Amino acid sequence: MFGLIGHLTSLAHAQSVARDLGYPEYADQGLDFWCSAPPQIVDNITVTSATGQTIEGRYVESCFLPEMLASRRIKAATRKILNAMAHAQKHGINITALGGFSSIIFENFNLQQFEQVRNIKLEFERFTTGNTHTAYIISQQVEQASKQLGINLSKSTVAVCGATGDIGSAVCRWLNSRTDVAELLLIARDRERLRLLQEDLGRGKIMGLEEALPQADIVVWVASMPKGVQIDANSLKHPCLLVDGGYPKNLETQVQHPEVFVLKGGIVEHTLDIDWRIMQIVSMDVPARQLFACFAESMLLEFEKIYTNFSWGRNQISVQKMAMIGEWSIKHGFQPLLLQPR
Ligand code: NDP
């Protein structure tokens, strides 16, 4: 059995979902309540592969909210993730993806040291961040959606916002070694980590966001920001492709410009309907078929019977492993989400 640990994007989102799901006692509560709410399994999932194989899974809602980080409620945030992991393990789930901020909190606050959660000793090999598949899918979205727009990568500048992150650095490595992209712009706050990435890639220009945006034909957004940024579509190149892989989204602006194309990043579409309710809640356009690539990673590992943390730690994702999970992704019927006709 596979599992997904997820969370909602904001307190307002959590309140409206609680109302929709028939938990009115949760719907009127503020952040304090969510800080003390326990994890819950809220969905049972059945997925059929393009090969015909069928697997079962569970969705675990951790009750974490990004506001907990923004308001420095770190203890609550870390407890949410550890409790959700213990809950997944207690329910016999073999391989569970840590979606959205779950893996970021696990790594940033070094939760590896807290193996014991009450009477459960966490077996970390039962968990995966899902970031190898996410990085592969975002790289494919860059390659394939640029073709849809007639943007030639060999003449293009790609800016990666969150370049030094786990997903961002893997996307940079893929673009560097598997494509002929002309220029890479590397964006993040910590200059030293940017310099090390640049050294590792042997290329790339380190830049601030404001300076980079007007130069980029394509922008990959993979920064771990609790709240999105506002951008002015008129200051971008035209055409410009924005691949927003953040969860919550990195872009706060609803970009409405005929020559600026926003693609939901790190999202896959399955060839068959999936029996679940949860993707409706996170506003997928086609909830029966579209899902986060990190969640799909735990499905792929279950299909392939690989019960190990395929993606773990930080900045260890190799291009070889991205290619490997990419093959399984295609085999089992997942495709990167691409631009739809307007
Ligand atoms: P990491 O924590 O590993 O990396 C985050 C990156 O963002 C770092 O480079 C960090 O560098 C940068 N960053 C953070 N804040 C800012 C800022 N204000 N301005 C510029 N850069 C910033 O995160 P991951 O790679 O694991 O995840 C990245 C994003 O992808 C998250 O939003 C996450 O929720 C989402 N995600 C999406 C998935 C999907 O399936 N679609 C799956 C998993 C994650 P620095 O701190 O130096 O600024």
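Helices (H or I, at least four residues) and strands (E, at least two) are DSSP runs, numbered from the N terminus. With that in hand, welcome to a few exercises on this predicted model.

**Exercise 1. A loop residue**

Find the element on either side of the loop that holds asparagine 110, and decide whether this residue is buried, partly exposed or exposed.

*Solution.*
- Step 1: Look between helix 6 (101–108) and strand 5 (116–117); asparagine 110 is found in the loop that links them.
- Step 2: Check the backbone. Asparagine 110 is not a glycine, yet its phi is positive, about 50°.
- Step 3: Apply the cut-offs: buried is under 20% relative accessible area, exposed is over 50%, and partly exposed is in between. Asparagine 110 has a value of 43%, so it is partly exposed.

Now try a second loop: lysine 305 sits between helix 12 and helix 13 (319–331). Lysine 305 is also a residue other than glycine with a positive phi, near 55°.

**Exercise 2. Following the sheet**

Trace the open sheet from one edge strand to the other, and describe how its strands pair.

*Solution.*
- Step 1: Write down the order. The sheet has 6 strands, arranged 10-9-8-11-12-13, and the pairing is parallel.
- Step 2: Mark the edges. Strand 10 (205–206) and strand 13 (260–264) each pair on one side only.
- Step 3: Start from the edge at strand 13. Strand 12 (residues 240–244) pairs with strand 13 in the parallel sense over 5 bridges, and here valine 243 has leucine 263 as its bridge partner.
- Step 4: Move inward. Strand 11 and strand 12 are joined in parallel by 4 bridges, with isoleucine 218 opposite leucine 241.
- Step 5: Take one more step. Strand 8 and strand 11 run parallel and share 4 bridges; valine 160 stands opposite valine 220 there.

**Exercise 3. Two directions from one strand**

Sort four residues of strand 11 by the way they point, and say whether they are buried or exposed.

*Solution.*
- Step 1: Ile218 and Val220 point one way.
- Step 2: Val219 and Trp221 point the other way.
- Step 3: All four are buried.

**Exercise 4. An asparagine and its partners**

Explain why asparagine 131 is classed as buried, and name its contacts.

*Solution.*
- Step 1: Locate the residue: asparagine 131 belongs to helix 7 (residues 131–148).
- Step 2: Compare its area with the cut-off. Buried means under 20% relative accessible area; asparagine 131 has 7%, so it is buried.
- Step 3: List its surroundings. Beyond neighbours within four places in sequence, the residues in contact with asparagine 131 include Ser103, Ile167, Glu297 and Arg314.
- Step 4: Pick out a polar link. The side chains of asparagine 131 and aspartate 166 form a polar contact of 2.8 Å.

**Exercise 5. Around the ligand**

Describe the shell of residues around the ligand, and find three atoms of the protein that lie by its oxygen atoms.

*Solution.*
- Step 1: Count the shell. The ligand is surrounded by 27 residues, and the closest are Thr164, Asp166, Arg189, Asp190 and Tyr247.
- Step 2: See which helices contribute. Helix 7, helix 8 and helix 12 (293–303) each supply at least two residues of this shell.
- Step 3: Return to asparagine 131, which has a polar side-chain atom 3.4 Å from an oxygen atom of the ligand.
- Step 4: Turn to the backbone. A polar backbone atom of aspartate 190 is 2.9 Å from an oxygen atom of the ligand, and a backbone N or O atom of alanine 293 is 3.3 Å from an oxygen atom of the ligand.
- Step 5: Finish with coverage. On its own the ligand has 940 Å² of accessible area, and the protein covers 91% of that.

**Exercise 6. Cis peptide bonds**

Which residues are joined by cis peptide bonds, and in which loops do the prolines lie?

*Solution.*
- Step 1: Histidine 238 and proline 239 are joined by a cis peptide bond, with omega about 5°. Proline 239 is in the loop between strand 11 and strand 12.
- Step 2: Tyrosine 247 and proline 248 are joined by a cis peptide bond too, with omega about 0°. Proline 248 is in the loop between strand 12 and strand 13.
- Step 3: Connect this with Exercise 5: Tyr247 is among the residues closest to the ligand.

Note on methods: Residues are numbered from 1 along each chain as its sequence is written. This is a predicted model: local features need pLDDT of at least 70, side-chain atom pairs count only at pLDDT 80 or more; totals for chains, interfaces and linings use all residues. Side-chain values use heavy atoms; hydrogens and water are left out. Two strands pair if DSSP finds at least two bridges between them. Buried means under 20% relative accessible area, exposed over 50%, partly exposed in between (1.4 Å probe, protein chains only). A polar contact is a pair of N or O atoms within 3.5 Å; within protein, one must be able to donate a hydrogen and the other to accept it, and residues adjacent in sequence count only if both atoms are side-chain atoms. Contact means heavy atoms within 4.5 Å. A residue is near a molecule or strand if one of its heavy atoms lies within 4 Å of it. Accessible areas come from the Shrake-Rupley method with a 1.4 Å probe; for residues, only the protein chains shown count as cover.
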